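Reader: I should be grateful for a close look at one part of this protein. Please begin with a single side chain and then set it beside other features of the chain.

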Amino acid sequence: MSNFIVTDRKTDYLLPPSVSDWLGEDHLARFVVEVIDQLDLSNLTRQYAGRGSKAHHPATLLAILVYGYATGVFSSRRLERATYDSVAFRYIAANSHPDHDTLATFRRRFLDELASLFVQVLEYAQELKLLKLGTVCLDGTKIHANASRHSALSHGHIEKLEVQLQAEVQELLALAEQADQADLPDGVSLPEEIKRREDRLAAMAKAKAKIAARAAERYAQEKAEYDEKMAHRAAKEKDTGKKPGGRVPKAPEPGPKDSDQINLTDEESRIMPVAGGGYEQAYNAQAAVDAATMLVVATGVTQAPNDKEQVEPMLKTLDAQAETLGAVERLMADTGYSSETNIKACEAAHIEPLIAVAKEEHHPGWRERHSEPAALPAEATPMQAMAHRLKTKAGRAAYALRKQTVEPVFGIIKSVMGFRQFLLRGLEKVTGEWSLVCLAWNIKRMAVLRPNWAGSP
């Protein structure tokens with residue numbers, strides 16, 4: 001007599017099965033569906049014309065995408081396959097199977113609407129009493145672009161290649177005019193070779209024009225900053241009657257530099273330094289994270305490799321969301337965001353800044369950890385006042401939350417969810433995709449924060 005359970009894969013179900021019975025009550029897929037069902041998707045549904053065959057509901061497609069990003073399934077083909085292979089995806093799709101074209105088109109088409117959905121998810125978190133804004137931590141992380149850095153060309157290299165290709169075109173044209181072409185290698189088609197080089201020259205001419213346009217924008221910005229510095233020096237010299245000390249600012253030079261680059265695959269991405277050394281074709285993704293819950297409350301993507309210019313755009317985003325989500329009381333960031341301008345911008349927005357002014361030792365002496373700084377001078381600048389706050393016991397304790405708040409979020413998004421490279425190309429599209437990634441993270445985090453959510457109405 002056998003003590004094994006009989007494996008029978010051919011007997012039909014006695015009653016029709018329900019996809020709801022296939023999944024545990026506390027499964028993340030159930031929570032994703034619950035949250036998506038609470039969102040107002042009217043901006044999406046009204047964009048369907050209603051002609052032709054019936055379309056998959058936006059709530060279903062959005063839930064598939066969100067659960068996919070939350071669990072490391074990003075490509076539309078893998079998502080389509082998952083609706084057959086995965087019980088969780090079968091539950092979300094209600095045993096339907098949207099094809100990869102439908103999923104890819106939906107993702108591209110509604111990227112602009114993701115910003116409002118991102119805020120709606122945060123509003124739902126507030127309804128569940130999971131979010132109450134107070135202190136946020138701002139940081140950035142480099143996300144690889146959907147392009148190789150080997151597809152980038154510098155202005156100097158383009159000019160060298162142009163000379164080489166033009167010479168080759170002339171040589172091939174001369175060969176084409178010869179009656180005897182016996183010295184040509186077998187299989188060489190002169191018209192095809194000439195056209196290939198002419199196409200490359202045309203592509204490089206467009207690349208040079210775009211590099212020149214970027215250089216013109218950069219020069220205009222640098223010239224405005226230079227003029228402001230020189231005007232400040234002139235005013236100081238007029239007030240004091242003495243020539244200002246320090247090095248005289250160097251006037252910017254117009255035109256592109258030899259090192260200016262453009263990527264032929266995703267021209268809006270940039271080569272950036274990445275953690276661990278080296279350079280990659282990437283975007284700089286920004287996130288403001290609530291210190292109490294680790295929920296991302298604001299997002300952004302920039303082409304700048306440094307973070308210094310990202311405080312004011314983030315403050316504008318937080319201010320625009322203040323009416324629905326509440327006001328932020330304190331902003332914490334690392335030294336990459338430190339500047340007098342950023343501190344003044346925070347104070348103007350009635351937000352207390354805690355931005356590190358310099359890197360500190362990992363293991364300070366015990367006396368330093370338990371001591372208070374000297375009294376702040378009455379004429380202290382905003383930068384000095386903030387630096388003084390960071391040296392107090394309360395300031396040190398508050399700032400210590402930064403590293404354990406925003407950096408784990410980036411670590412989980414990259415290492416656990418597996419999102420290390422954008423699928424889409426172009427700044428506008430990757431900004432929308434980053435919002436989708438952070439929306440998926442928020443729902444995943446809410447499922448952890450909310451106790452006993454399973455079975456709720």
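Does Glu 309 count as buried or exposed, and why?

Author: The model discussed here is predicted. In it, Glu 309 counts as exposed because its relative accessibility is 56%, and the cut-off for that class is over 50%. Glu 309 sits in the loop that runs between strand S6 (296-302) and helix H10 (311-325). On the surface, Glu 309 belongs to a patch of negative charge, in which it is gathered with Glu 225, Glu 228 and Glu 312.

A surface patch of another kind is nonpolar: Tyr 13, Trp 22 and Val 87 make it, and its area is about 320 Å². Of these residues, Trp 22 is placed in the segment before helix H1 (28-38). Trp 22 has a relative accessibility of 32% and therefore counts as partly exposed, since that class lies between the limits of 20% and 50%.

Aromatic rings offer a further view of the chain. The count of aromatic pairs comes to nine. One of them joins Tyr 48 and Phe 110, whose rings are stacked, with 6.1 Å from centre to centre and 25° between the planes. Tyr 48 belongs to the loop between helix H2 (42-45) and helix H3 (58-71), and Phe 110 to the loop between helix H6 (100-109) and helix H7 (114-127), so this pair ties together parts that are 62 residues apart in sequence. As for accessibility, Tyr 48 counts as partly exposed because its value is 26%, whereas Phe 110, at 3%, counts as buried.

Another aromatic pair consists of Tyr 69 and Phe 74; the arrangement is tilted, with the centres 5.2 Å apart and the planes at 55°. Tyr 69 counts as buried because its relative accessibility is 1%, and Phe 74 counts as buried at 10%. Tyr 69 and Phe 74 also belong to a cluster linked by ring pairs, which includes Tyr 283, Phe 419 and Phe 422.

Leu 424 may be considered last. Leu 424 is located in the loop between helix H15 (406-416) and helix H16 (427-449). With a relative accessibility of 11%, Leu 424 counts as buried, because the limit for that class is under 20%. Between Leu 424 and Ser 96, which are 328 residues apart along the chain, the C-alpha atoms are separated by 26 Å.

To return to the point of departure, Glu 309 is an exposed residue at 56% relative accessibility, and its surroundings on the surface include the glutamates Glu 225, Glu 228 and Glu 312 of the negative patch.

How values were computed: Residues numbered from 1 in each chain as written. Predicted model: local features only at pLDDT ≥ 70, side-chain atom pairs only at ≥ 80, totals over all residues. Heavy atoms only, no water. Patch = residues over 30% accessible without salt bridge, like charges linked within 9 Å, V, L, I, M, F, W, Y side chains within 5 Å. Areas by Shrake-Rupley, 256 points an atom, 1.4 Å probe, with all protein chains shown as cover. Salt bridge = Lys/Arg side-chain N within 4 Å of Asp/Glu carboxyl O. Helix = DSSP H or I, 4+ residues; strand = E, 2+ residues; numbered from the N terminus. Buried < 20%, exposed > 50% of the residue type's maximum accessible area, 1.4 Å probe, protein only. Lys, Arg positive; Asp, Glu negative; His and termini not counted. Charge placed at Lys NZ, Arg CZ, Asp CG, Glu CD. Phe/Tyr/Trp six-rings, centres within 6.5 Å; stacked < 30°, edge-to-face > 60°.
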